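Me: I'd like to go through this one with you, pockets and sheet. Can you take a look?

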Amino acid sequence: MDKTKKYQDAPFSPDDWAELETTVVQTARRQLVGRRFTPLYGPLGAGIQSVPHFIYDAPKPGQLDLTGESSNPTQPSRRVNLNIPILYKDFTVYWRDLDLSDKLNTPIDFSAAADAASYVALKEDDLIFNGEDSLDIPGLMNVKGRHTQIREDWMKAGNAFQDVVEARNKLLSSGHSGPYALVLSPYLYSLLHRVHPETHVFEIEHVRELVTDGVYQSPVIKGHAGVLVETGEQNLDLAVAEDFDTAYLDSEDMNHHFRVYEALVPRIKRPTAVCTLEDPQ
């Protein structure tokens, strides 16, 4: 899309728009955690404001016979519609900065755009992990029907690995054989960088042998908690109406206002594919 035609009042050339969008996308990619293991569905179009959400029970074995005449197709246990919210943050490009860039023939400083992109990325992860009560959107940390594992004291070496094993066993008992991703609060993530007893290997290395789709940390996970997820679009995805984009809003007092935004909603299709590591306190 030619942004110079869409936003004719914006003070940017095509090269400026390209640099701005590169800055926004690269900043978001570096910060986003949930997208590293969550498949995307879409983009559906900016005007799409809701999406069907099919919720399934724990997986069961398929059918087996000699003729294939007995049909029992998979069926969701529940179907709802999820509203797709807009996640956004505004920023300002000041006229004096533009004038300086023009006179010195230097690139425009888009650090404000990068800052706005980081805000939106953080909000996306907050939506994926914590949901949004006002819109009845569940997150991985609070979805009904998930498994829970009350964790032990991770200050004691070996307990973290054992808790992950127990959480994995709960997912296995529901038919979720992996692969898995693990996301922890920064505090718990730091405790994984301790030497496992009698192995001279960091505990996180043992965890990674079980959790092959990645071990991550995110500041949006509250308290000393975490979540283990069986990945795959049969279990969860991110329904995207409009992916990260930048829009020109207007000018005021000679300065120019822009918005970094996206529109999406997480769909947790199988809550039984999720096991949260709960803080015992």
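Me: How do the residues lining the largest pocket divide into nonpolar, polar and charged?
Reply: Keep in mind that this is a predicted model, where local features need pLDDT of at least 70, side-chain atom pairs count only at pLDDT 80 or more, and totals for chains, interfaces and linings use all residues. Residues are numbered from 1 along each chain as its sequence is written, and side-chain values use heavy atoms, with hydrogens and water left out. A pocket is an open set of points on a 1 Å grid over the protein atoms alone, where a 1.4 Å probe fits, with protein on both sides within 12 Å along at least five of seven lines; lining residues have an atom within 4 Å of a point. Ala, Val, Leu, Ile, Met, Phe, Trp, Tyr, Cys and Pro count as nonpolar, Asp, Glu, Lys and Arg as charged, and the others, Gly among them, as polar, and the split here is nine nonpolar, four polar and four charged.

Me: Which strand gives the most to that lining of the largest pocket?
Reply: Strands are DSSP runs of E, at least two residues, numbered from the N terminus. Both β2 (50-55) and β3 (78-83) supply at least two lining residues each. With five residues, the top contributor is β3.

Me: Why do β1 and β4 each have one side without a neighbour in the sheet?
Reply: Strands pair if DSSP finds at least two bridges between them. The open four-stranded sheet runs β1-β9-β10-β4, with mixed pairing. β1 (40-41) and β4 (86-93) each have a single partner strand, so one side is left free because they stand at the edges.

Me: How many bridges join β9 to β10?
Reply: β9 (residues 236-252) and β10 (residues 255-268) run antiparallel. Ala247, for one, has Arg259 in β10 as its bridge partner. The count of bridges joining the two strands is 13.
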